[in-house]
Amino acid sequence: MSGETKTVERIPFPFAVGILVCLILIPGLFLGKWNWTTWIIFITWAEYFVFGATPAAWKRMIPCLAFGSAAAALWVANWTLFESLFGTNFQSTFATWFFLSATNFIWVTGLCYAIAKVKLFQDNGLACFNGLTLFLAVWFTGSFPDVLAAGTSAYVLIFFAFVWNTVMCWLGYVAGVVNMWLTFPKTVKA
């Protein structure tokens, strides 16, 4: 005998996926304002498989998702600051577009520059961009729990959206790991 081994699934992968979808969606129905932002979880769950479907993917995904999300949060905070400094308060369409474009250029260019210069980001640009785009989706759709009092500072809301997005991204990584566990893999002789 050669002594070679292989890993086999006790529960087929498609069933493990179906089980995990139920585990994510059903509790979310009962969480009210704290309902999980499931599309973020599903996107980063898929990303887990792009990054090799091993628990070690966290070294690549977790910091890069947070970095992209932080870049987007800083962009929105910078845009909000410019709007408030110049008194447009999101009322003037031209001014809003101008400040949105200017801050977009600054922060997205900065993100791309960091991806080009930092080895971790070079190797994991997908996670950096997912962090950015998912934050923007959370922010512009208001897909984070509205638990703060009316009149709360925009910067507090931006920070809360950043935290919410980042946690949901990380839950996608956890979903990928759990998905693999749910197959109950075992090692057998080849």
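## A guided tour, beginning at helix α2

Select residues 38-50 to begin: this is helix α2, whose 13 residues reach 19 Å from the first C-alpha to the last, close to the 18 Å expected at 1.5 Å a residue. Please note that the model on the screen is predicted.

**The buried residues of α2.** Keep the helix selected and show its side chains. Which residues of α2 are buried? They are Thr38, Ile40, Ile41, Thr44, Trp45, Glu47 and Tyr48. An α-helix has 3.6 residues a turn, so residues three or four places apart point the same way. With this in mind, compare the positions of the buried residues Ile40, Ile41, Thr44, Trp45 and Tyr48 along α2.

**What lies over them.** Next, add the helices α1 (13-28), α3 (58-85), α6 (125-141) and α7 (154-181) to the view. These four are among the elements that cover the buried residues of α2.

**Thr38.** Now select Thr38, which is found in helix α2. Is Thr38 buried or exposed? Thr38 counts as buried because its relative accessible area is 18%, and the cut-off for a buried residue is under 20%. Add Ile24 and Leu25 to the selection: Thr38 is in contact with both, once its neighbours within four places in sequence are left aside.

**After the helix.** Move along the chain to Gly52, which follows α2. The phi of Gly52 is positive, near 105°.

**A patch on the surface.** Turn to helix α7, and select Val174, which has its place there. Val174 counts as partly exposed because its relative accessibility is 39%, and this class lies between the limits of 20% and 50%. Then add Phe159, Val163, Val167 and Leu171. Together with Val174, these residues form a nonpolar patch on the surface, with about 370 Å² of accessible area.

**The whole protein.** Finally, clear the selection and show the entire chain. How many helices and strands does the protein have? There are seven helices and two strands, and along the sequence they follow the pattern β-α-α-α-α-α-α-α-β. The C-alpha trace spans about 75 × 45 × 20 Å along its principal axes.

Colour the chain by accessibility to see that buried residues make up 37% of the 190 residues. The protein exposes about 10500 Å², of which carbon and sulfur atoms supply 72%. Among the contacts with a separation of 6 or more, 73% are between residues 24 or more positions apart.

How values were computed: Residues are numbered from 1 along each chain as its sequence is written. This is a predicted model: local features need pLDDT of at least 70, side-chain atom pairs count only at pLDDT 80 or more; totals for chains, interfaces and linings use all residues. Side-chain values use heavy atoms; hydrogens and water are left out. The expected span of a helix is 1.5 Å times one less than its number of residues. Buried means under 20% relative accessible area, exposed over 50%, partly exposed in between (1.4 Å probe, protein chains only). Contact means heavy atoms within 4.5 Å. Patches are made of residues with over 30% relative accessible area and no salt bridge: like charges are joined within 9 Å, nonpolar side chains (Val, Leu, Ile, Met, Phe, Trp, Tyr) within 5 Å. Accessible areas come from the Shrake-Rupley method with a 1.4 Å probe; for residues, only the protein chains shown count as cover. A salt bridge is a side-chain nitrogen of Lys or Arg within 4 Å of a carboxyl oxygen of Asp or Glu.
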